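Me: Please take a close look at one part of this model, its inside. Start with open space, then go on to the packed interior and the strands there.

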Amino acid sequence: MLARLSLCSGLPSRNWQSKVSSVSIRAYSKTKFSLPRPHGKSFAHRSELKQAKRIVVKLGSAVVTRGDECGLALGRLASIVEQVAVLHNQGREMMIVTSGAVAFGKQRLRHEILLSQSVRQALHSGQNQLKQMSIPVLEARACAAAGQSGLMALYEAMFTQYSTCTAQILVTNLDFHDEQKRGNLNSTLHELLRMNIVPIINTNDAVVPPPVPNSDLQGVNVISIKDNDSLAARLAVEMKADLLIALSDVEGLYDSPPGTDDAKLIDIFYPGDQQSIKYGSKSRVGIGGMEAKVKAALWALQGGTSVVIANGTHPKVTGHVITDIVEGKKLGTFFSEVKPAGPTVEQQTEMARHAGRSLASLLPEQRAEIIYYLSELLTEKKDEILSANRKDMELANESGHFSQALIDRLSLSTVKLNSLAIGLRQLAVSSKDSVGRVLRRTRVGNNLELEQITVPIGVLLVIFESRPDCLPQVAALSIASGNALLLKGGKEASNTNKILHQLTQEALSIHGVTDAIQLVSTREEVEDLCRLDKLIDLIIPRGSSQLVREIQRAAKGIPVLGHSEGVCHVYIDNDASIDKAIEVVRDSKCDYPAACNAMETLLIHRDLLRTPMFDQMIDMLRAEHVKIHAGPQFASYLTFSPSEVKSLRTEYGELECCIEVVDSMQDAVDHIHKYGSSHTDVIVTENEDTAQQFLQQVDSACVFWNASSRFADGYRFGLGAEVGISTARIHARGPVGLEGLLTTKWILRGEGHTVADFSEQGSMKYLHENIPVIQGTFN
């Protein structure tokens, strides 16, 4: 059967199997769906789509057919079948409304006609004298009749790979106008779903009235895909489906024709918004177009079925588009009857960008005034801030879902607020020498001068969990650097974040740039925010290593500034001072264990084992209630050792650390390079030569000599505040303050100069003379 099907499709029989997406059917099938939901009201938010029990998947002609409109896109179809099988095996009730019979039949009939013509010509003309053969115009209904059985056989063969049974149902408009037929159809579909069978439904294109000719197809009229759009919508409502996924060859619904300069993909479409939409040309197959899809979607929505229109042809997403939609990811256009009270995250980003340009155009003194005022508000409103923070702390403790390290980061105090206010005032002073500063000036030629100046990056997205003290720090840095800012905090700090953001906007209002800093309070998933590559210029994650890694994986086309882990080391050299060693290790580990700059691994020179220094170090750690894990080398020296470490790359974030033994300073450096995270590493020694070698060789963002790792901080470095610590090799590295949030642009001033003036035949010569820049010079 597969061999015959592949002949009709023009592809080897194994090809569709080799193109199945990498999604593991076994992995997804482990999650069984068991969330019954009363029908009658559509889902209000994408995140609720996970609850969808009964789902209709509509496959448009452009999705099912190949680009030449003659035959099926087997690889694409196979990946769609796999996703439907995945959801079906989770316990969901799946139905497919499919196109493709005409295209399949067209290919089959063309093959038969060409074969017939070649045989006749060979008999009449003799060998090697075949005339050029022409293909007659093929009538659409005949193509449908020839292709329907093959299309269904292909679906059956593909679904069999996942032990899923299918059934074919052909319908016409008359089946919905006749009450008895409609009742029979409804009863049949319910019985199939009850028996765990996937119904595959199509319009009976072999008997329907002929459509209006479609010039998009070369000599072949096809049944309008709008019939299947309306069919899918009617079936979804008749069957009380929770979700209708309509796949086409466009990303979703745009506010103007796709491809035009100002066209923007609409994330969520609400009834009543259709008046603001300008529809473009129709798809390459069918005559329904996007307008027909929208009408069908709104009709289904009114009937209680949620709808998503998405691209089923894009090679990067086809293999997981259906499962991603059901998981609530932001793909295509989601139709919702519930319009949020506030702006969407896209609108917030646009508002921030617009106001951010005004912020960047303010005088440095004006930006400093905003930061000063914010620092005063942190002190004046401390009681309100701490009250909101207590609510968050109570909820976090009651939930029992958060680690002690995360709860420690969540906590605010009067001391922390005062420290924040001091840091902001420092930043206000330094910010006066930031945006628009001239870095270099060059005389390119006579009366032709070039300048390089500092400018804001654009729109920053800072995603942080717990740590509400991060909000005013990052806000002040974005103000100082003239950047627009989008903030996404964790729900565990929602009350604290809300009041801190209100105070930030109050400070911004003194110069009319309130919208420059936005707090995302909608149900946006982090992964969805990371896809806004046309709106966001830089992502800065603040939180656990898991959060940072997730953002680095999810960010497509947007740079990410940060570090995934803070595996910091302190190396005690054999020439170390015992007092310095004890105090540096105590502070590095015990001052704030949850911080990313806290020590996680203590490296000790082998000669120090069984010495008073080693004994005092162990006694100090035990007195501080630090749980010790033994590295492999350290464990080999002990008869009864602490628990052996599972990984030398562990970031504990609590009163725990690993102790490992090394043979030399060079051995310590090698260990740090192999197991460290390029964050902060420390040597304790009285030997200056050894220290200099360590400082030079260790390739980390921060390398210290006889000082605690906890000094790796923007405030302690005198930066006023920091957005985080970067371990990247380009742009900013280490604690990232004001300078790390600026980029540059080049300004050239001339008097009608042309490149031709500087050619061999020109009258001018390049000078490229550096012009001294006076410190504090601004463009």
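Reply: A pocket here is an open set of grid points where a 1.4 Å probe fits, with protein on both sides within 12 Å along at least five of seven lines; a lining residue has an atom within 4 Å of a point. The model is predicted.

Start with the largest pocket. Its volume is about 1,800 Å³. The lining counts 47 residues. Nearest the centre lie L265, K330, E346, R531 and L532. Six elements give two or more residues to this lining: β6 (268–269), β7 (306–311), α12 (321–326), α13 (345–361), α20 (526–529) and α21 (545–554). Helix α13 gives the largest share, four residues.

Now the packed interior. In soluble globular proteins, nonpolar side chains tend to be buried together. Here the largest nonpolar core has 49 residues. The members that touch the most other members are I370, I371, I385, L427, V462, L485 and L487. Helix α18 (residues 470–481) supplies eight residues, the largest share of this core.

Take I370 as one example. Leaving out residues up to four places away in sequence, I370 touches L359, L362, I479, A507, L508, I510, H511 and V513. Of these, L359 falls within α13, and I479 within α18. A507 and L508 sit in helix α19 (residues 494–508). Apart from this core lies another, of 41 residues; V57, V63, I80 and L154 are among them.

Next, strand β12 (residues 484–489). Six of its six residues are buried, so the strand is largely enclosed by the rest of the structure. A484, L486 and K488 point one way from β12. L485, L487 and G489 point the other way. Both sets are buried, K488 included. L485 and L487 are also among the core members listed above.

β12 has paired strands to describe. With strand β11 (residues 459–464), β12 pairs in the parallel sense over six bridges. There, I463 has K488 as its bridge partner. With strand β13 (residues 517–519), the pairing is again parallel, over three bridges. There, L486 stands opposite Q518.

Helices join these strands into units. β11, α18 and β12 form a right-handed β-α-β unit. β12, α19 and β13 form a right-handed β-α-β unit as well. β12 belongs to both units. The helix in the β11 unit is α18, the one that gives the core its largest share.

Note on methods. Residues are numbered from 1 along each chain as its sequence is written. This is a predicted model: local features need pLDDT of at least 70, side-chain atom pairs count only at pLDDT 80 or more; totals for chains, interfaces and linings use all residues. Side-chain values use heavy atoms; hydrogens and water are left out. A nonpolar core is a set of buried Ala, Val, Leu, Ile, Met, Phe, Trp, Tyr and Cys residues joined through side-chain atoms within 4.5 Å. Buried means under 20% relative accessible area, exposed over 50%, partly exposed in between (1.4 Å probe, protein chains only). Contact means heavy atoms within 4.5 Å. Two strands pair if DSSP finds at least two bridges between them. A crossover is right-handed if, with the strands pointing away from the viewer, the path from the first strand over the helix to the second runs clockwise. On a 1 Å grid over the protein atoms alone, a cavity is a set of points where a 1.4 Å probe fits but cannot get out, and a pocket is an open set with protein on both sides within 12 Å along at least five of seven lines; lining residues have an atom within 4 Å of a point. Grid points are joined across faces, edges and corners, and a volume is the space filled by probe spheres set on the points.
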